[in-house]
Amino acid sequence: MIDLARSSSLLAVACFALTVSCSPANEPPPATPKPNAMPVDPPAASAPAAAKAPPTTTSAAPAATDAKPADDLADRVPDIEYVPTPQNVVDKLLEVAKIGKDDVLYDLGCGDGRIVINAAKKFGIHAVGFDIDPKRVAESRANVKSNGVEHLVTIEHKDIFDVDLSKATVVTLYLLPELNVRLIPQLEKLKPGSRIVSHDFDMEGVDPEKTWTVIARDHREPKNREHYVYLWKTPLKKTKK
Ligand SMILES: C[S@@+](CC[C@H](N)C(=O)[O-])C[C@H]1O[C@@H](n2cnc3c(N)ncnc32)[C@H](O)[C@@H]1O
């Protein structure tokens, strides 16, 4: 479990209001997110290169509705920069979500598509990745293709705050504490028994079922650090005041 007494130092590196850069820190995550803290380094140089292939269209996974057309997103700045989740943390997120054959996984801010691709390859489930950054969308779609999971995985160029989550049963997040909180009204629309798993960041106001610590490389190679995995189930349990 997480040492709450140590958590305040992460607040200084966890989030950056408005410009919002994601730089997972070397300290435990905050139990109570604090906005306006400064980020640390820029995202990993180790992030996979953007795909050169043009985006492809797939129709395998259930489509989410209610999102703005991609044209409206042309000038939209991402709420958080791209930082990839290390593979062993991806494995842990999928393990604790206890994925079954009928699950449908949505990754909100899918980056290079690694979580949705892993979910499809390991569990044979349908998965949808959403990203607002066209470079990430193209990269994800190329990775979906090169991994041969086009029949299971769809990548959508959408703002996660406009996505209808009602068809998902597992939602994965690697965002920021305040973005997790902003998603609560959407997450409350998930079917009962759905699982939400978050890399590194809590969701103030909703009690997690459980948290885990995973040692993995930070995006600023080669330093290892503790990464945190949070699990919530629906219906969400509001924190008692
Ligand atoms: C920290 S990365 C996580 C990538 C991936 N989920 C992973 O764990 O490896 C966050 C991603 O969210 C995307 N993003 C930021 N704001 C978004 C928004 N409002 N809607 C959709 N995607 C967004 C960024 O472009 C970035 O790819």
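Student: What makes up the contacts in the protein with a separation of 6 or more?
Tutor: Residues 24 or more positions apart account for 72% of these contacts, where two residues are in contact if their C-beta atoms, placed from the backbone, lie within 7 Å. This is a predicted model, in which local features need pLDDT of at least 70 and side-chain atom pairs count only at pLDDT 80 or more, while totals for chains, interfaces and linings use all residues. Numbering runs from 1 along each chain as its sequence is written.

Student: Why is helix 3 called mostly covered?
Tutor: A residue is buried if 20 or more other C-beta atoms, placed from the backbone, lie within 10 Å of its own. Seven of the 10 residues of helix 3 meet that criterion, so the helix is mostly covered. They are Arg114, Ile115, Val116, Ile117, Asn118, Ala119 and Ala120. In the protein, 45% of the 241 residues are buried.

Student: Which elements do the buried residues of helix 3 pack against?
Tutor: Their partners include helix 2 (87-96), strand 1 (104-108) and helix 4 (134-146). Helices (H or I, at least four residues) and strands (E, at least two) are DSSP runs, numbered from the N terminus.

Student: How many residues surround the ligand, and which are the closest?
Tutor: The shell holds 24 residues, the closest being Pro78, Thr85, Gly109, Gly111 and Tyr174; a residue counts as near if its C-beta atom, placed from the backbone, lies within 6 Å of the molecule. Helix 3 (114-123) and strand 2 (126-131) each supply at least two residues of this shell.

Technical notes: Buried ≥ 20, exposed ≤ 12 C-beta atoms within 10 Å, placed from the backbone.
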